[in-house]
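Here are my notes for you, written as a colleague would jot them down. Have a look at the model first, then read on.

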Amino acid sequence: MPTLTDRTAETDAPIIDILAERWSTRIFDPAYVIDETALASALEAARWAPTAANTQAWRVIVARRGSASHSQVVSALAGFNSAWAGEAAALVVFVAETTRDGQPMTWAQYDTGQVAAHFTVQAHADGLSTHQMGGFDRDAIAAAFGLSGDFTAITVMAVGKLGDIRTASAELQARETAPRVRRPAADSVLVND
């Protein structure tokens, strides 16, 4: 039976432990109730993410398991995501304010990505597991939460405690125990003068 032990990334250069150790599980403990202190800290880290001209063109929807909001987010998930993400203690939707007062907010999606990244790192530092998803129906999220055309859901993040791999389907077990790989850093750098 596979186990989820050390999933620390093998990096090309030294990075801080919290980044090397962070990974995106799809196996969440379905009985775990979100640690409100850790969630508040992750949201606070998100609040202090860099933002273009301090526009703060982002919002979040926090949907705890068992709530109507959680059910609405789960129902908007696409394909395979809907098979596992509902077991997370919370689903957090990161939303970009793409226009304000009729003007495009050019950096809103970039800033929202930074917000999600800061949230993820802080959550991991406080013992939470996360997994971001792009596979969801943005229109369904907008309708469920009354988002105006100025706002676009960018990602949904499952947040909770790592579950027991032995209770997961064979497909999930295979995905969770597969080697962690990234292309070499040098292959991502276009110019390095």
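The points below go through aromatic rings, charges over rings and a surface patch.

1. Before you start: this is a predicted model, where local features need pLDDT of at least 70, side-chain atom pairs count only at pLDDT 80 or more, and totals for chains, interfaces and linings use all residues. Residues are numbered from 1 along each chain as its sequence is written, and side-chain values use heavy atoms, with hydrogens and water left out.

2. How many aromatic pairs turn up in a search of the whole structure? There are three. Rings of Phe, Tyr and Trp (its six-membered ring) pair if their centres lie within 6.5 Å; planes under 30 degrees apart are stacked, over 60 edge-to-face, and the rest tilted.

3. One of them is Phe-28 with Trp-84: the centres are 6.2 Å apart and the planes sit at 10 degrees, so this pair is stacked. Phe-28 is in the loop between α1 (17-21) and α2 (36-47) and Trp-84 in helix α4 (residues 81-84), so the pair ties together parts 56 residues apart in sequence. (Helices are DSSP runs of H or I, at least four residues, numbered from the N terminus.) Both residues are buried, meaning under 20% relative accessible area, while exposed means over 50% (1.4 Å probe, protein chains only).

4. Now try Trp-107 and Tyr-110. Their ring centres are 6.0 Å apart with planes at 80 degrees, so they pair edge-to-face. Both Trp-107 and Tyr-110 are exposed.

5. Look for charges over rings, too (CZ of Arg or NZ of Lys within 6 Å of the ring centre and within 35 degrees of the ring normal). Arg-138 lies over the face of Phe-136, 4.2 Å from the ring centre, and Arg-175 does so over Phe-80, at 4.1 Å.

Technical notes:
Helices (H or I, at least four residues) and strands (E, at least two) are DSSP runs, numbered from the N terminus.
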